[in-house]
Structure formats: C-alpha cells, structure tokens
Amino acid sequence: MKKIYKWGIIGPGNIAHKFAQDLQHIANAQLLGVASRSTDRARDFAKQYGATKYYSNYEHLCEDPDIDIVYIATPHAMHHENTLSCLARGKAVLCEKPLAMNLRQVEEMVEMASKKNVFLMEAIWTRFLPGIIKLQEVLESGRIGDVLSIKADFGYNWPFDPKSRVYNPDLGGGSLLDIGIYPLFLSLFLLGQPWEIKSKAKLASTQVDADCEMELIYLNKNQRAHLFSSVIKETKLEAVIEGSNGNIKIPGPWFKPESLIINAKNEPEEILKFEYTDNGYSYEAIEAMNCLDQNKQESELLPWSFSLTLMKMMDEIRNQCQIRYPKYD
C-alpha cells in the first residue's frame, strides 16, 4: 500500500471492538479517532486501542481532515445518515451491513458517493475471508459441476426485549436485516439475482421478524436457495452447496469458514482448513485500503450493484412478510 491509512470509527459497540482489534494487525492501518454520543465511551474506546482523538459528536469526526476513511458501526437505522454525513465531507466509508434500512436509502448513499467521487463499501466481511475466496475458486473449477441448490442458515436465541436493538423496529430489529443478510449474501454471491422469491416470517409482537424462511428460485428452474434466519432459535450455522457433480459443505459457522468439505463424484473427500489470526475483519479493511490506493469509488469484489440488489431482495422479503419499520417505510 502507498500510505498509512488513518481510520475513524463511528459507534464504538461490540462489532467496533472486533474491528479495532483487527486494525492492529494491519501494518498500514492506524485507528486515529472514535466518535460516540457519549464522551466517556468514546474516550475509553480510544484509550483502549491507542487512538489519539475522540469525539462526542459524529459530525466532528466527519470534519476532521486527518481521517482518511470511516468505519460506521452504529445501529442499522443510523447507517444512512452517518454515511451521508461522511460522504458529503469527502470521507471514504466502510459501512456495516446492512448498508441501510431500505433500497431508497441505499440508492441515496450510492448517488452521494458517485457525486462526491468518494469510496463506499458495505462491510460484508464474509465476502473477503479466505474460505469464501477458496469456495469461489472450487466452484469455478467445475469440480462439483453446476450449482443446483444452496442451503444456509443463521439463527441464535436472543431473549425478548422490545427496547433492544434486536426487537425494536425503530432500530431495524428482527432477523432479516441483522443476520438473514448472510445467507442472502451467499445465494446472491453464488447464483446471482433470483427470478422469484418466496418467503414467510414469524413476527414478534413488535412486528419485526423473529424468524424468516426464504426460498429463492432462479431463471434456471433447477436452481434453488433455501435460507433461514432466526433470533429465537439456535441453528447449526451450516451451508451446503449441491452441484450436478457433487457438493460442498461448510460446517458452522459457515460465515467465517474454518473448513470446506468437498465431495465430488469419482474423487475422495477433501477437507480444506482455514486459520484466522484475528476476528476476520482485517480482510475487508485491507480491501477498502487497496481500493483507496487505486483511487476506486467501489470494490470490484463487492460493488455498489451487489449492495443495491441485496437490499432490493430484502425489501421484497419484508413486503411479502409484512415486516414493518414505521419510521422508514
């Protein structure tokens, strides 16, 4: 890389801690500043990770000329506003998934990035992990033939609290935006945009989805994706890709693959293993910095078109399942 990139973080929550820890493993990355609505929280986070600046106002971080790129880790409902504030001031942005609450917001974010000629990428960290890169290589090699189906789940049991981020519609609660995005990412990544989506959800009393079942049907009618997400039940966190000449199983957690189990016809079973020296967020940070090195507005590995299509799919699922976010619908 050409330079040391100075990062800012907006929203010092749990995922921001993991991201900050991983920045410490990247030679050309420096965490310079942290912004929170709580001065104490921002100061404590900055001290913990060696950042020299902290802010009690998000706008002050956006305006700091020393910050090169901002990682946005606020709740879903704030991504749109926070990202636009950064882009308007010429700050490159790596924004946590989901990129926003709906397609209209994502379109506005992409339009602003294009207008200001500034880098923007959705932080779907799974896309950049070694196991997923290898999965793509194996599939492109044709070892298991044409992909016919994908099964993937992501579920955990979160105690009900209507005020919590997970169940509050004003914060983008429910399983779909929070974790359903992972199996949807995998299907879009491997099979592209579906021809038809069929979905159903069990709604919590707050009208967010407690769990969501999704079937994606493709123009080649032999192709299907069967996906599931839940915040009320634990799942195996597995993914299985069935091909015309075999299959690949990704044991849980498939979204941070530690192994691929490849069973191709007329071949012995092969197990590929992957080890991580950090939480797994360094790969997306490195991709963002590589793009900045090359003066790119978007990543070729995770372009704006992907994020737009992904959100379009989630909007369709929400409409089918009558999942409501009154402030944003």
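A residue counts as buried when its relative accessible area is under 20%. The exercises below concern a predicted model.

**Exercise 1.** Determine in which order the 6 strands of the open sheet are arranged, and which strands stand at its edges.

*Solution.* Step 1: Strands of a sheet pair through backbone hydrogen bonds, either parallel or antiparallel. Step 2: Here the order is β3-β2-β1-β4-β5-β6, with parallel pairing. Step 3: β3 (53-55) and β6 (120-123) each have a single partner strand, so one side of each lacks a neighbour in the sheet; these two stand at the edges. Step 4: On average, neighbouring strands of this sheet are turned by 25 degrees against each other, direction ignored.

**Exercise 2.** Describe the pairing of β5 with β6, and state which helix lies across both strands.

*Solution.* Step 1: β5 (residues 92-96) pairs with β6 in the parallel sense over 4 bridges. Step 2: Val-93 has Leu-120, in β6, as its bridge partner. Step 3: Helix α4 (residues 79-88) lies across β1 (5-10), β4 (69-72), β5 and β6. Relative to β5, helix α4 runs at about 170 degrees.

**Exercise 3.** Check the span of helix α9 (residues 304-321) against the expected value, then describe its surroundings.

*Solution.* Step 1: Helix α9 has 18 residues and, at 1.5 Å a residue, should span 26 Å. Step 2: The end C-alpha atoms of α9 are 26 Å apart, which agrees. Step 3: Buried residues of α9 include Trp-304, Phe-306, Leu-310, Asp-315 and Cys-321. Step 4: The buried residues of α9 pack against α5 (103-116), β6, α7 (175-191), β8 (196-203) and β9 (209-217). Step 5: Just after α9, Gln-322 adopts a positive phi of about 55 degrees.

Notes: Residues are numbered from 1 along each chain as its sequence is written. This is a predicted model: local features need pLDDT of at least 70, side-chain atom pairs count only at pLDDT 80 or more; totals for chains, interfaces and linings use all residues. Side-chain values use heavy atoms; hydrogens and water are left out. Two strands pair if DSSP finds at least two bridges between them. Axes are lines fitted to C-alpha atoms, for helices over the stretch in contact, and angles run from 0 to 180 degrees between N-to-C directions. Contact means heavy atoms within 4.5 Å. The expected span of a helix is 1.5 Å times one less than its number of residues. Buried means under 20% relative accessible area, exposed over 50%, partly exposed in between (1.4 Å probe, protein chains only).
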